[in-house]
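User: I'm new to this one and keep tripping over the labels people put on it. Could you walk me through what earns each of them?

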2 protein chains.
Amino acid sequence: MTKHTHDVSDLTKNQALVMNALSSANGPLSAYTILDELREHGFRAPLQVYRALDKLVEFGLVHRLESLNAFVACRHPSCEGESKEAVLFTICEKCGNVQELISESVVKSLKGLAEEIEFSLKESVIELRGICTDCKAA
Amino acid sequence: MTKHTHDVSDLTKNQALVMNALSSANGPLSAYTILDELREHGFRAPLQVYRALDKLVEFGLVHRLESLNAFVACRHPSCEGESKEAVLFTICEKCGNVQELISESVVKSLKGLAEEIEFSLKESVIELRGICTDCKAA
DNA sequence: ACAAATATGTAATAGTATTACAATAACAAT
DNA sequence: ATTGTTATTGTAATACTATTACATATTTGT
Ligand SMILES: [Zn+2]
Ligand SMILES: [Zn+2]
Ligand SMILES: [Zn+2]
Ligand SMILES: [Zn+2]
């Protein structure tokens, strides 16, 4: 039986390297950017990155941004388990800044909708595109 | 000044061909699937498809499904203009069925959230993954 | 020690999207 | 009609993203 919580000490070598690359980045990274950063640590092929990413996403430590084809370290205390239905991102189209949030009100309306149309919701992809506060000011 | 409404009669030859391919499909198609279908009509290169898709998406006649890397004809009377903030999709992970919806309640909570965090929302990507009614029954 | 399961290495390939440049067609204004 | 302008199309090459297939190594449980 797999454990239901995960921290860095649970990770394999490659997973830890990828996790570290994402954690120390100030925003989302593409798989190939991660690969390039980890070549000095022995990475040679995309699959090494993709395999690690698969696991990290499964563990809830990393999120995939579908509209960017990129990955970002989770900034929440716990996005594991059920909260995959809930997490959402804002993406600034000017500066690229990405913010991770959970909105109870959004979750509620989505679950209500799903129930209404009898759709068995497993996971929500919610990516809000626009201009962030900082860029509006400037 | 560009017109604010678009129907098939406004479209260029390539745009019309791509629109027709998507309209007659019963679900989303990838750009390369469209290309293959249109080879018999003279299409030779991906760019012919992507250029048409760009315009069709801009017109609101076609939506891009980010989590599928695919495109689908709009099934709504009018998804043009402001409603890009509002449209959402359910995607059945079993049968691949895609449904396009607008939920006032979801729109409202998203706009409320955006206002709260002072994010200037231009467009929402909302793709709900799960199991559709038909597949639950079976 | 042994078997089973998990993780890793490597190469090849498949799938998605854009850049660059040339040619053509559509359109408006002389 | 001719010119200048813009939008559209054609084509090739390239870049970016992700998976399949197969071999090897490591970890885990007994
Ligand atoms: Zn998270
Ligand atoms: Zn910004
Ligand atoms: Zn629509
Ligand atoms: Zn289904």
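User: What makes the arrangement around the zinc ion (ligand 2) tetrahedral?

Analyst: A quick note before that: this is a predicted model, where local features need pLDDT of at least 70, side-chain atom pairs count only at pLDDT 80 or more, and totals for chains, interfaces and linings use all residues. Residues are numbered from 1 along each chain as its sequence is written, chains are lettered from A and ligands numbered from 1 in the order in which they are written, and side-chain values use heavy atoms, with hydrogens and water left out. Now the angles: four donors count as tetrahedral if all angles lie between 85 and 135 degrees. The four donor atoms here subtend angles of 106 to 113°, so the tetrahedral label fits.

User: Which atoms coordinate the zinc ion (ligand 2)?

Analyst: They are the SG atoms of A:C92, A:C95, A:C132 and A:C135, at 2.2 to 2.3 Å. Donors are N, O and S atoms within 2.8 Å of the metal (3.2 Å for Na, K and Ca), and since water is not among the atoms, sites may look incomplete. Along the chain, these donors follow the spacing C-x2-C-x36-C-x2-C.

User: Why is A:C92 called buried?

Analyst: Buried means under 20% relative accessible area, exposed means over 50%, and partly exposed is in between (1.4 Å probe, protein chains only). A:C92 comes in at 2%, so it counts as buried. A:C95 has 45%, so it is partly exposed.

User: What about the zinc ion (ligand 4): which residues are its protein donors?

Analyst: Those are B:C92, B:C95, B:C132 and B:C135, each through SG, lying 2.3 Å from the ion. The angles among the four donor atoms are 105 to 112°, and this site is tetrahedral too. B:C92 belongs to strand β3 (residues 87-92) of chain B and B:C135 to helix α5 (residues 133-137), so the pair, 43 residues apart, links distant parts of the chain. Helices (H or I, at least four residues) and strands (E, at least two) are DSSP runs, numbered from the N terminus. B:C92 has a relative accessible area of 3%, so it is buried, and B:C135, at 15%, is buried as well.

User: How do you know how chain B is related to chain A?

Analyst: Two copies of a chain are related by a rotation about an axis and a shift along it. Here, a turn of 180° and a shift of 0.0 Å along the axis lay chain B on chain A with an RMSD of 0.1 Å. The two copies are therefore related as by a two-fold rotation axis. The superposition is by least squares on the C-alpha atoms of residues with pLDDT of at least 70 in both. In chain B, the C-alpha nearest the axis is that of B:I126, at 2.3 Å.

User: What does A:S103 touch?

Analyst: Leaving out residues up to four places away in sequence, A:S103 touches A:L88 and B:L113. Contact means heavy atoms within 4.5 Å. A:S103 sits in the loop between β4 (98-102) and α4 (104-116) of chain A. With a relative accessible area of 8%, A:S103 is buried. A polar atom of its side chain lies 3.0 Å from the backbone nitrogen of A:V106.

User: And how is chain A built overall, in helices and strands?

Analyst: Chain A has five helices and five strands, in the order α-α-α-β-β-β-β-α-β-α along the sequence. Of its 138 residues, 47% count as buried.

Notes:
Tetrahedral: all angles 85-135°; square planar, octahedral: opposite > 155°, others 65-115°. Polar contact = N/O pair within 3.5 Å; in protein donor to acceptor, adjacent residues only side chain to side chain.
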